[in-house]
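Q: Could you pick one part of this model and take me through it up close? I'd like the residues, their neighbours and how far I can trust what I see.

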Amino acid sequence: MPITINDIFKSMDGSLNNPKLEEFFNKTKEAAETVGQMSAERLELGRKKVECLDAKAKLSKMYERFGKLQYSLYVGENVDDNEIAEVADNIAVLKNRIEEFTADIEEAKATFNESMAAVAKKTKDAFGAEKDFESEDVEVVEAQSVDVETQE
């Protein structure tokens, strides 16, 4: 016979139906969901940072290639003007992408920080407002061992 939650918590039925306890669990669940959503936002921010670093690495390589082409021209080697123009265009595109990524990252950081502050305040308000429990609101119960295999 499979074990159910009721088998494990039979002696606590009255305690589990406590409205204050249920409210506490709901607030905790809301806070956990918010933190999960914020983790996803933070992951997206990390992804944007990686893309920005990748664009910066590509830009560095384009500058290196452009410099080699310019040096080749300087020493009198034959260099295709279209190749120089293509590299210069790639540099411009990468610089624009880096600016966009940087703006997105700064915006995401600001949004994340605002969200964190709001969650901290909401959590403090939710859990701090009801810390004055009366002694009759909370019942401490000693744990009892239950032999699940013999219980039917």
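A: Trust comes first: pLDDT is the predictor's confidence in each residue, running from 0 to 100. This is a predicted model, so local features need pLDDT of at least 70 and side-chain atom pairs count only at pLDDT 80 or more, while totals for chains, interfaces and linings use all residues. Residues are numbered from 1 along each chain as its sequence is written, and side-chain values use heavy atoms, with hydrogens and water left out.

The protein chain averages a pLDDT of 78, and 70% of the residues score at least 70. Confidence bottoms out in helix α2 (residues 13–16), with a mean of 54, and peaks in helix α4 (residues 81–128), at 87. Where pLDDT is low, the predicted coordinates should not be read in detail.

Now the layout. The protein chain has 4 helices and 0 strands, where helices (H or I, at least four residues) and strands (E, at least two) are DSSP runs numbered from the N terminus. Read from that end, the order is simply α-α-α-α. Of the 152 residues, 14% are buried; buried means under 20% relative accessible area, exposed means over 50%, and partly exposed is in between (1.4 Å probe, protein chains only). The protein chain exposes about 12,000 Å², with carbon and sulfur atoms supplying 54% of that; accessible areas come from the Shrake-Rupley method with a 1.4 Å probe, and for residues only the protein chains shown count as cover. As for contacts (heavy atoms within 4.5 Å), take those between residues at least 6 apart in sequence: 78% join residues at least 24 apart.

The part I'd pick is around S72, which sits in helix α3 (residues 19–74). S72 counts as buried because its relative accessible area is 17%. Leaving aside residues up to four places away in sequence, S72 touches E77 and V79.

What about Y71, buried or exposed? Y71 is also in helix α3, and with a relative accessible area of 52% it is exposed. Y74 is exposed too, at 71%. Together with V75, these two tyrosines make a nonpolar surface patch of about 400 Å². A patch here is built from residues with over 30% relative accessible area and no salt bridge; like charges are joined within 9 Å, and nonpolar side chains (Val, Leu, Ile, Met, Phe, Trp, Tyr) within 5 Å.

Y71 and Y74 are also ring partners. Rings of Phe, Tyr and Trp (its six-membered ring) pair if their centres lie within 6.5 Å; planes under 30 degrees apart are stacked, over 60 edge-to-face, and the rest tilted. That rule gives 1 aromatic pair. The ring centres of Y71 and Y74 are 6.5 Å apart and their planes are at 35 degrees, so the pair is tilted. Both residues lie in helix α3, 3 residues apart, which is about one turn of the helix.

On to the charged side chains. A salt bridge puts a side-chain nitrogen of Lys or Arg within 4 Å of a carboxyl oxygen of Asp or Glu, and the count by that rule is 6. Which one links helix α3 with helix α4? R65 forms a salt bridge with E83, their closest N and O atoms being 3.3 Å apart. That pair links distant parts of the chain, since R65 is in helix α3 and E83 in helix α4, 18 residues apart. R65 is partly exposed at 32% relative accessibility, and E83 is partly exposed at 28%.

Elsewhere in helix α3, D54 forms a salt bridge with K58, with 3.4 Å between the closest N and O atoms. The two are 4 residues apart, so about one helical turn separates them. D54 counts as partly exposed at 39%, and K58 is partly exposed at 39% as well. There is also a network of salt bridges linking E44, R47 and E51.

Helix α4 has a salt bridge of its own: E106 with K109, closest N and O atoms 3.7 Å apart. Both lie in that helix, 3 residues apart, or about one turn. Partly exposed fits each of them, with E106 at 46% and K109 at 30%.

So, back to the spot I picked: S72 is buried at 17%, while the neighbour before it in numbering, Y71, is exposed at 52%.
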